[in-house]
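Q: Please take a close look at one part of this model: the contacts that join residues far apart in sequence. A connected account, with the residues that illustrate it, would be most useful.

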Amino acid sequence: MRLFFLVLFEMYTLSSVHAYPDGSVASACNTMLPNHPSFEPQTTTALYRVTVNRVACRPGDMITVTLESVNSIKFEGFMLQALPTSGKGAQGSFMAGDARLVRLHNCFNIEKSTISHSGPNEITQLEVMWVAPPSPAPSNITFCATIVRNYTEFWTMVKSPPILLSNSPTLAVNCLMMLFNILIALGLFRSSSLTLL
Ligand SMILES: *[C@@H]1O[C@H](CO)[C@@H](O)[C@H](O)[C@H]1NC(C)=O
Ligand SMILES: *[C@@H]1O[C@H](CO)[C@@H](O)[C@H](O)[C@H]1NC(C)=O
């Protein structure tokens, strides 16, 4: 009897900290639901929010995505994807972070397109880095998270503000080009442009 309870307890704690064990991620790619049978997502306003450090990006740009508690209540699990506001499938890829905190998953045939917690941590804030996909069609994406407070309480589709993905060159490149043109106009690059010709 004691052993039974021990096993039951072990199963319970294991599943609560490994809300997305390896085997369950494939289906979680679509639903973003943790494997917590018989518990439904909360319908109340989430205790957590998802914020981003920019509102527009281009191929290869990095965005810092922050998951944080609104009122210092810790969370023990999460799953995060960048989803198009219209259409489906995770976009871009997350960068590897502290392996004690996060784990990357390949969803929708895109490497590292999904990130989740890796183990038993109770935290109030976490920053992850995301890299915009190469030459996307211009579209808006939203970072969508499932955030797990504990085995019974979790929220899904916690969203960041929308981010416009475009494929025009970055502002920095435009500025460099402009500077270069000015220098050429001033004749400073005459010799090198002559050798090019
Ligand atoms: C992205 O969203 C903004 C604001 O919601 C909207 O004005 C814009 O047309 C959208 N762009 C695309 C490409 O969906
Ligand atoms: C999860 O947190 C809520 C709110 O504190 C609590 O009522 C519930 O019992 C907790 N569930 C577990 C499994 O700890």
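A: In this predicted model, 66% of the chain's contacts between residues at least 6 apart in sequence join residues at least 24 apart. The chain in which these contacts are made comprises four helices and 11 strands. Of its 197 residues, 36% are buried. Its accessible surface amounts to about 11500 Å², with 61% of that area belonging to carbon and sulfur atoms.

A covalent example of such a link is the disulfide, of which the structure holds one. A bond of this kind is covalent and joins the sulfur atoms of two cysteines. The partners here are Cys-29 and Cys-107, whose sulfur atoms are 1.9 Å apart. Cys-29 belongs to helix H2 (residues 22–31) and Cys-107 to strand S6 (residues 102–107), so that distant parts of the chain, 78 residues apart, are linked. The angle about the S-S bond is -75 degrees, which makes the link of Cys-29 and Cys-107 left-handed. Both of these cysteines are buried. Two further cysteines may be considered alongside them. Cys-57 counts as buried because its relative accessible area is 0%, under the 20% limit. Cys-144 is likewise counted as buried, because its relative accessibility is 2%.

Strand S7 offers a view of the surroundings of Cys-107 from another residue. Thr-114 lies in strand S7 (residues 110–117), and its relative accessible area of 0% is why Thr-114 is classed as buried. Leaving aside residues up to four places away in sequence, Thr-114 touches Met-79, Leu-80, Gln-81, Ala-90, Phe-94, Arg-103, Leu-104, His-105 and Cys-107. Among these partners, Met-79, Leu-80 and Gln-81 fall within strand S4 (77–84), while Arg-103, Leu-104, His-105 and Cys-107 fall within strand S6 (residues 102–107). Thr-114 is thus in contact with one of the two disulfide cysteines, Cys-107.

Strand S3 provides a second buried position. Glu-68 is placed in strand S3 and counts as buried because its relative accessible area, 17%, is under 20%. Residues up to four places away in sequence aside, Glu-68 touches Leu-47, Tyr-48, Arg-49, Thr-51, Thr-124 and Gln-125. Of these, Tyr-48, Arg-49 and Thr-51 fall within strand S1 (48–52).

Tyr-48 also has a place in the account of Asn-71. The C-alpha atoms of Asn-71 and Tyr-48 are separated by 8.0 Å, although the two residues are 23 apart along the chain. Asn-71 sits in the loop between strand S3 (62–69) and strand S4 (77–84). In contrast to the buried Glu-68, Asn-71 is classed as partly exposed because its relative accessibility is 40%.

A further approach across the sequence involves Thr-152, in the loop between strand S9 (139–148) and strand S10 (154–159). Thr-152 and Glu-40 are 112 residues apart in sequence, yet their C-alpha atoms are 7.9 Å apart in space. Once residues up to four places away in sequence are left out, Thr-152 touches Phe-39, Glu-40 and Gln-42. Thr-152 is partly exposed because its relative accessible area is 32%.

The loop between H2 and strand S1 (48–52) contains two residues with notable backbone angles: Met-32 and Ser-38. Most residues other than glycine have a negative phi. Met-32, by contrast, has a positive phi near 55 degrees, and phi is also positive for Ser-38, at about 70 degrees. Their exposure is opposite: Met-32 counts as buried because its relative accessibility is 2%, whereas Ser-38 is exposed, with a relative accessible area of 70%.

Finally, ligand 1 draws on residues from separate places in the sequence, being surrounded by Pro-138, Ser-139, Asn-140 and Leu-164. The protein covers 30% of the 360 Å² of accessible area that ligand 1 has on its own. Ser-139 and Asn-140 fall within strand S9 (139–148). An oxygen atom of the ligand is 2.3 Å from an N or O atom in the side chain of Asn-140. By class, the shell consists of two nonpolar and two polar residues, with no charged ones.

Definitions and conventions:
Residues numbered from 1 in each chain as written. Chains lettered and ligands numbered in written order. Predicted model: local features only at pLDDT ≥ 70, side-chain atom pairs only at ≥ 80, totals over all residues. Heavy atoms only, no water. Buried < 20%, exposed > 50% of the residue type's maximum accessible area, 1.4 Å probe, protein only. Contact = heavy atoms within 4.5 Å. Areas by Shrake-Rupley, 256 points an atom, 1.4 Å probe, with all protein chains shown as cover. Near = heavy atom within 4 Å. Polar contact = N/O pair within 3.5 Å; in protein donor to acceptor, adjacent residues only side chain to side chain. Nonpolar A, V, L, I, M, F, W, Y, C, P; charged D, E, K, R; others polar. Disulfide = S-S within 2.5 Å.
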